Amino acid sequence: DMSSTAKYFQIKVPAGVTAGTQLQVRSPNGVDLVFSVPPNCPPGSLLRVPMPASPAPTPVNPAQAADPATGPANAQANATPPPAQSSQEGPPSLPASNPPGGVPATASTADSKDKEQVVAYTAKALSTLHTTLTKKKDELKDEWSKLDGEIDELKTKLEALNKKRQEKKEEYENIVNELPKLEEMSKKFSGMFASLDDRIK
């Protein structure tokens, strides 16, 4: 989005563009410019760009005019844009443009540092997680061993209780079996005592 003035033309920063992103625009007089978006220029803001000088026509012979590789059109396309100038009024002016296709050194360095920080943080997090899980594994193993020991003790106690229960059961069954015999003997002695009483009388 461009509007032309006498010495400058304005462009609107496209959506999704951040500081350091390279933009390529064509000035109203047909000169291609490549520059990095300066800081504090969010999408939608206006930038004031110095109007580059129109390329001077290059004298060519008929052979050069017929050759698209060396003709005037190619010379205009390869024209070097003038450096951007700063201004104290209006939208922020652009700094000197980077070479076409180039990447600002500051942006590249920042990206490299960010990647190093991410890698270092990830490695530290993984190391901490590994240490925590290893410690937890050892604790669970110790608890497991203790529970196995308690289970063995309970099994021993259960076997002793079952043995004692069996003994009490056998004792109970013996008493149950002996009671009818004692009752029968009690009846016989009662009869014998009754007979003695009758004789005594």
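**Group meeting: a walk through a predicted model**

K12 is partly exposed, with a relative accessible area of 39%. I begin with this residue, and I should say at once that the structure before you is a predicted model. K12 belongs to strand β2, which covers residues 8-12. Its partner of interest is L46: the two stand 34 residues apart along the chain, yet their C-alpha atoms are separated by 4.6 Å.

Let me now step back to the whole chain. How many helices and strands are there in the chain? The chain holds three helices and five strands. Followed along the sequence, these elements give the pattern β-β-β-β-β-α-α-α. The chain has 201 residues, of which 14% count as buried. Its accessible surface is about 15,900 Å², and carbon and sulfur atoms account for 58% of that area. As for contacts, if we take those between residues at least 6 apart in sequence, 59% of them join residues at least 24 apart.

I turn next to strand β4, which spans residues 32-36 and contains V34. Is V34 buried or exposed? V34 counts as buried because its relative accessible area is 10%, and the cut-off for burial is under 20%. In space, V34 lies 6.7 Å from Q22, C-alpha to C-alpha, although the two are 12 residues apart in sequence.

After β4 comes a loop that leads to β5 (46-50), and N40 is found in this loop. N40 has a relative accessible area of 77%, so this residue is classed as exposed. Its backbone also deserves a remark: phi of N40 is near 60 degrees, a positive value in a residue other than glycine. For background, most residues other than glycine have a negative phi.

The next topic is salt bridges. Side chains of opposite charge can pair when their charged atoms come close. In this model the count comes to two salt bridges. In one of them, the side chains of R26 and D32 meet, with an N to O distance of 2.7 Å. R26 is partly exposed, at 48% relative accessibility, and D32 is also partly exposed, with a relative accessible area of 25%.

Which residue forms a salt bridge with K181? That residue is E178, and the closest N and O atoms of the pair are 3.9 Å apart. Both E178 and K181 sit in helix α3, three residues apart, which is about one turn of the helix. E178 counts as partly exposed, since its relative accessibility is 39%.

Let us stay with helix α3, which runs over residues 105-200, and consider the surface. Which residues form a negative surface patch? They are D138, E139, D142 and E143. Of these, D138 has its place in helix α3. D138 is partly exposed because its relative accessible area is 39%, a value between the 20% and 50% cut-offs.

There is also a nonpolar surface patch, with an area of about 940 Å². I175, L179, L182, M185, F189, M192, F193, L196 and I200 make up this patch. One of its members, L182, can be placed in helix α3.

To close, I would ask you to locate a few points in the structure. Please find K12 and L46, with C-alpha atoms separated by 4.6 Å; then N40, with its positive phi; then the salt bridge between R26 and D32. Finally, please look at the negative patch that includes D138 and at the nonpolar patch that includes L182. Thank you for your attention.

Terms used: Residues are numbered from 1 along each chain as its sequence is written. This is a predicted model: local features need pLDDT of at least 70, side-chain atom pairs count only at pLDDT 80 or more; totals for chains, interfaces and linings use all residues. Side-chain values use heavy atoms; hydrogens and water are left out. Patches are made of residues with over 30% relative accessible area and no salt bridge: like charges are joined within 9 Å, nonpolar side chains (Val, Leu, Ile, Met, Phe, Trp, Tyr) within 5 Å. Accessible areas come from the Shrake-Rupley method with a 1.4 Å probe; for residues, only the protein chains shown count as cover. A salt bridge is a side-chain nitrogen of Lys or Arg within 4 Å of a carboxyl oxygen of Asp or Glu. Lys and Arg count as positive and Asp and Glu as negative; His and the chain ends are not counted. The place of a charge is taken as NZ of Lys, CZ of Arg, CG of Asp or CD of Glu. Helices (H or I, at least four residues) and strands (E, at least two) are DSSP runs, numbered from the N terminus. Buried means under 20% relative accessible area, exposed over 50%, partly exposed in between (1.4 Å probe, protein chains only). Contact means heavy atoms within 4.5 Å.
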